[in-house]
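Here are some short exercises to work through at your own pace. Have a look at the sequence and the model, then try each task before reading its solution.

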Amino acid sequence: MSNQKQQINLKVSASSDPHKVSGAMCRYLAEGNKVFLTAIGASAVNQMVKACAIGRGMAATSGVDLTFAIGFHDEEINNQIKTAMRFFPIIRDAS
């Protein structure tokens with residue numbers, strides 16, 4: 001397997017399990033990958049926020065202070081432009 005770092009887009013939907021999303025986010029971050037989460041719609045954003053809160057707690061047990069930058073991105077879905085919300089995890093040393 002390659003040691004090359006990847007940029008991982010975790011797409012979160014209204015039916016996403018926040019525990020699974022947070023686990024995937026923390027695992028990819030621990031591997032050194034750049035990760036961002038994308039959600040479209042209020043229910044999906046709600047699940048994404050839950051996943052980020054859970055992930056922050058998971059990271060804290062390893063001495064990592066996980067914070068997030070937030071932004072927007074236009075996505076084309078079925079020939080329509082939809083505005084997605086994106087969360088970008090930022091790893092800071094908790095010490």
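Helices (H or I, at least four residues) and strands (E, at least two) are DSSP runs, numbered from the N terminus. This is a predicted model, in which local features need pLDDT of at least 70, side-chain atom pairs count only at pLDDT 80 or more, and totals for chains, interfaces and linings use all residues. Residues are numbered from 1 along each chain as its sequence is written, and side-chain values use heavy atoms, with hydrogens and water left out.

**Exercise 1. Place Gly71 and find what surrounds it.**

Step 1: Gly71 lies in strand S3, which covers residues 64–77.

Step 2: Next comes its exposure. Buried means under 20% relative accessible area, exposed over 50%, and partly exposed in between (1.4 Å probe, protein chains only). Gly71 has a relative accessible area of 16%, so it is buried.

Step 3: Now look for partners, where contact means heavy atoms within 4.5 Å. Setting aside neighbours within four places in sequence, Gly71 is in contact with Ala84, Met85, Arg86 and Phe88. For Met85, the separation is 14 residues in sequence and 5.9 Å in space, C-alpha to C-alpha.

**Exercise 2. Describe the overall layout of the protein.**

Step 1: Count the elements: the protein has 2 helices and 4 strands. Along the sequence they follow the pattern β-α-β-α-β-β.

Step 2: Check compactness with the radius of gyration, taken over C-alpha atoms, and the globule rule, which is 2.2 Å times the number of residues to the power 0.38. The radius is 14 Å, close to the 12 Å that the rule gives for 95 residues, so the protein is as compact as a globular protein of that length.

Step 3: Add the dimensions: the C-alpha trace spans about 45 × 30 × 20 Å along its principal axes. Of the 95 residues, 36% count as buried.

**Exercise 3. Examine helix H1 from its start to what follows it.**

Step 1: At the start of H1, a side-chain oxygen of Asp17 comes within 2.9 Å of the backbone nitrogen of His19.

Step 2: His19 itself belongs to H1, and its relative accessibility is 55%, so it counts as exposed. Buried residues of H1 include Val21, Met25 and Leu29.

Step 3: To interpret such a list, recall that an α-helix has 3.6 residues a turn, so residues three or four places apart point the same way.

Step 4: After H1 comes Gly32, with a positive phi near 90°.

**Exercise 4. Which elements build the largest nonpolar core?**

Step 1: A nonpolar core is a set of buried Ala, Val, Leu, Ile, Met, Phe, Trp, Tyr and Cys residues joined through side-chain atoms within 4.5 Å. The largest one has 19 residues, and Leu10, Val12, Met25, Val35, Leu37, Ala39 and Met48 touch the most other members.

Step 2: Strand S1 (7–12), H1 (18–30), strand S2 (34–39) and H2 each supply at least two residues of this core. H2 gives the most, with 6 residues.

Step 3: Take Val35 as an example: beyond residues up to four places away in sequence, Val35 touches Ile8, Leu10, Met25, Tyr28, Leu29, Phe88 and Pro89.

**Exercise 5. Is Gln47 buried or exposed?**

Step 1: Gln47 sits in helix H2, residues 42–60.

Step 2: Its relative accessibility is 10%, so Gln47 counts as buried.

Step 3: Apart from neighbours within four places in sequence, the contacts of Gln47 are Val12, Ser13, Ala14, Ser16 and Pro18.

Conventions: Polar contact = N/O pair within 3.5 Å; in protein donor to acceptor, adjacent residues only side chain to side chain.
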